[in-house]
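User: I'm new to this one and would like a close look at a single part of it. Could you take me through that part and what it packs against?

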Amino acid sequence: MNKIFSILLIFLLLPVTADSSTIKTGEDLLYSCKRAISYNNGAKLMLRDQVRMFSCLSYVNGFFDGWQAKETTISTSDELSKQDKKNIQKVKNFCLSGKTIMQLVRVIVRALEKNPKILNYKSNLLVTWILTKSFPCKK
């Protein structure tokens with residue numbers, strides 16, 4: 001009986017994880033990241049909202065990891081001249097050293113809530129824009 005219940009539960013959850021967890025627009029990002037903030041503040045979440053919360057955290061974490069990889073590659077590359085490295089550093093979009101994923105999530109949610117007209121834009125463009133505005137690099 002438990003085995004049948006487990007299989008049924010998996011099939012019931014597949015549509016939830018496949019469709020609702022995809023973050024493509026600012027609206028998706030806002031909805032999912034608001035769930036992450038609620039959970040971080042101690043709220044209990046239904047399974048569907050837990051999936052959305054993890055989607056947000058995974059998305060922002062992946063974005064952050066990509067940024068860190070770029071920074072590490074630039075600073076440790078032997079193939080780039082000192083001048084190339086300086087030129088690349090001049091066009092940095094944002095500086096995130098010392099920031100946590102939840103700090104980034106809160107900043108993203110705040111910006112999206114203040115700018116509802118941009119919620120239909122692609123999430124990757126919005127995150128770049130928000131982080132550039134919120135965490136500019138010191139010149």
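What span should the 14 residues of helix α5 have at 1.5 Å a residue, and how far apart are its end C-alpha atoms?

Analyst: Before the helix itself, a word on the model: it is predicted, so to speak of local features takes a pLDDT of at least 70 and side-chain atom pairs count only at pLDDT 80 or more, while totals for chains, interfaces and linings use all residues. Numbering starts from 1 along each chain as its sequence is written, and side-chain values use heavy atoms, with hydrogens and water left out.

Now to your question. The 14 residues of α5 should span 20 Å, and its end C-alpha atoms are 20 Å apart, so the two agree. The expected span is 1.5 Å times one less than the number of residues.

Around α5, the chain has 6 helices and 0 strands; a helix here is a DSSP run of H or I with at least four residues, a strand a run of E with at least two. Of the chain's 139 residues, 32% are buried, meaning under 20% relative accessible area, with exposed over 50% and partly exposed in between, using a 1.4 Å probe and protein chains only. In α5 the buried ones are I101, M102, L104, V105, V107, I108, V109, A111 and L112.

One partner is helix α2, residues 26-40, which packs against α5 (residues 101-114) at about 130°, with the axes 9 Å apart. Axes are lines fitted to C-alpha atoms over the stretch in contact, and angles run from 0 to 180 degrees between N-to-C directions. That makes the pair oblique, the label left over once under 35 degrees is roughly parallel, over 145 roughly antiparallel and 65 to 115 roughly perpendicular. From α2 the contact takes in G26, L29, L30, C33, K34, A36, I37 and N40, and from α5 it takes in M102, V105, R106, I108, V109, L112 and E113; contact means heavy atoms within 4.5 Å. Sorted by class, that makes 10 nonpolar, 2 polar and 3 charged residues. Nonpolar covers Ala, Val, Leu, Ile, Met, Phe, Trp, Tyr, Cys and Pro, charged covers Asp, Glu, Lys and Arg, and the others, Gly among them, are polar.

On the α2 side, G26, L29, L30, S32, C33, R35, A36 and I37 are buried. After α2 comes G42, with a positive phi near 105°.

E113 of α5 is worth a stop. At 42% relative accessibility, E113 counts as partly exposed. Leaving out residues up to four places away in sequence, E113 touches L30 and K34. The C-alpha atoms of E113 and G26 lie 9.9 Å apart, though 87 residues separate the two along the chain.

The other partner to look at is helix α6, residues 123-134: its axis and that of α5 come within 10 Å and cross at roughly 100°. So α5 is roughly perpendicular to α6. Here L104, V107, I108, A111 and L112 of α5 meet L126, V127, I130, L131 and S134 of α6. This contact has 9 nonpolar residues, 1 polar and no charged. I108 and L112 turn up in the α2 contact and in the α6 contact.
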